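This report looks at a few helices and at how confident the prediction is along the chain. Please keep the structure in view while reading.

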Amino acid sequence: MAGWRQLAASLVNDRALRARALAFAGAAFVALALGYVLPNPALAALAFRRCGYFILAAAFGGFGWVMFQLLRARLRFPAASAWRRAVPIVLALGALLWLALVSEPAGYKVTNDEFVLQATALDLHLRREPAVLVRAYDIEGAFTPLLAYTDKRPFFFPFVLTLVHDLTGYREANAFLLNAALAAASLALVFVLARRLAGNSAAALAAVVLWGGLPLFVQNATGSGMELLNVVMLAVVMLLAWEYLAAPDERRASALVLASVLLAQTRYESAVFIPLAGVVLLAGWRVAQRPILPWSAVAAPLLMLPYAWQNHFTNANRALWELHASQESRFDVGYLARNLQEAGRFFFTWQDRMLANSWLLSVAGASALLAAAAWALRRWRAWRIDQPGCVVALYALGVLANLGLLMFYYWGQLTDPVAERLSLPSLMIAALALAWALGRIVARGFDARWAVGAAAIYVVGVMRPQIANHYYTQFNPAPHEVAWEENFLRQRPPMERLIITNKTVLPWIIDLQPAVMLKYMPGEREQLRFHLGAGTFGEIIVTQKLIPSTRDGDYVVDPADALPRDFKLEVLAERRFNAMIDRISRLVAVGDDPPAGNKTAAVAPAPRSAAVVALHQPHEIAQAAVDGIAQLRGRHAVDQD
């Protein structure tokens, strides 16, 4: 207690520190007022879209600069012996990465989530607005955004993806390349953490082999979601907390604060790590015997404004919650029993190929966590906050708290292929706990190379067949339908097309292809007739679903996809997906118009006009933003985050 009184006295007596403390209090008050109290939801959404990118860019730029300074001060050319010791580790981690990337084709796994993230990155790239682009056309040779909506998903992953677009040019494939790089970074960072906990490279490698061989890791490494960035940032924050407590100073404190701000905007639940960063900062004061309050910590509340604005807007818009018809709230104790049951199934089911889990990692990791807890309780008086195990334990409690909160969430069933990915941070903690336990066993004479061999045999013999099953991607035909439609149209003569889709416009928008929703087209006869007559587009494509109508195998157009009789369609292709048929047609006439002939790339399109925008009237924006984009949820139940 005397130590804390002395620190408080130092804070009061030091004029510069007192000024920073007052500035922090003022920043926190302003952030609370501007983030939650003063703005209404619409104003919060507007502030988020106009200022969110630039505030996050400031946090990211500051983090990059501080990390550059830290690494420049720490970098030393390793000795030859260190290189020789590192070669087997690098080769092993490289083999794990290669295995992950070749085990499953790159593609969309959680369909609407990944489409939304891609569309957000595209709007950030084009307009610096963190919004989901749902309407854009090629106007005079420029792909021009016309309509976007504010989404609930944190936008740090789209921000990082935007940086890739800015540096290399826009490509849809950039998201998959980014996640491949994040997979490599996560393997390296988890190994560094495991090595420090275990005190033995072989013990750490055994745990990382189980982590890298996890089917869920493979599926995210080849997808375009935000889960691996969340894991990477969590590992970075733990390492920075470790470094700060080992030698507290302003530069290390700044790196920890800024990394925590970025982590909080990676996934919804990652904001829980902000208070943990505060605990670590205060513990560093005790270690250093002086208050440390960098300007980055003073600015942290203001840097969290985009999170506050987005959260304020989301809480006020129930449509963004995407609840099922019978549900009233996102969190409820009534969800607990089923979620706990499904969590037990996910973590501890033996070789269920319908799950992307790892029974051995779950059992070994849970056992190691229990052993670590028992060990800590017996020695709690000897604990120091600057010990490596204490830092990891603190953040492990945060991860487990998030997992506990998930058990009260309406879509918290970890056996659901959509919700499985939420277990990645917990499984990373399990791998770290296992590394610690193996390190304790190695200290008693066990050769950890046997553990590496056993882990490798398990991954190749048990996990590989589970990964090869591809259940995560195969259970959902929606991305395969979209991929088939895109590939079919690429084989046709190149021309400007308008896609009228029965699914979601997002896959086409992120491919820089104009698209509109099928369900709105019956009310847009005049606009469509105009475009057919003016040759605005080389062809107008319509996609529909056919459903079985008789026991004899006859099919009819799904009533939800049916168009009025005066819409004349020419069927181009059909393909069966499960019990349904996906149809691609060409719109040739509306009403009494003569059929439109095929137009090739040699035919110059008519100049663009305001009539293009008229295909989607302003009064439809709110509905299109929610149920239009989330239509896949009703059809395939795969878009919930």
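Just after helix α19 comes H470, a residue whose phi is positive, near 55°. The model described here is predicted, and in it α19 covers residues 449–468, 20 residues that at 1.5 Å a residue should span 28 Å, which agrees with the 27 Å that separates its end C-alpha atoms. Within α19 there is nevertheless a kink of about 35° at V462, shortly before the proline P465. V462 also belongs to the buried residues of α19, which include A451, V452, A455, Y458 and V459 as well.

Helix α23, residues 525–534, has Q527, L528, H531 and L532 as its buried residues. Because these buried residues fall within an arc of 135° when α23 is seen down its axis, they line one face of the helix. On the face turned away from that buried side, α23 carries the exposed residues E526 and G533. The residues that follow the two helices are set out below.

| Helix | Residue that follows | Phi |
|---|---|---|
| α19 | H470 | positive, near 55° |
| α23 | G535 | positive, near 70° |

As for confidence, the mean pLDDT of the protein is 86, and 87% of its residues reach 70 or more. Among the elements of the protein, helix α6 (residues 156–168) has the highest mean pLDDT, 97, whereas helix α26 (residues 631–636) has the lowest, 38. The pLDDT is below 50 over residues 598–641, a stretch that has 129 contacts in the model beyond near neighbours in sequence.

Conventions
Residues are numbered from 1 along each chain as its sequence is written. This is a predicted model: local features need pLDDT of at least 70, side-chain atom pairs count only at pLDDT 80 or more; totals for chains, interfaces and linings use all residues. Side-chain values use heavy atoms; hydrogens and water are left out. Buried means under 20% relative accessible area, exposed over 50%, partly exposed in between (1.4 Å probe, protein chains only). Helices (H or I, at least four residues) and strands (E, at least two) are DSSP runs, numbered from the N terminus. The arc is that of the directions from the helix axis to the C-beta atoms. pLDDT is the predictor's confidence in each residue, from 0 to 100. Contact means heavy atoms within 4.5 Å. The expected span of a helix is 1.5 Å times one less than its number of residues. The bend at a residue is the angle between axes fitted to the seven residues ending there and the seven starting there.
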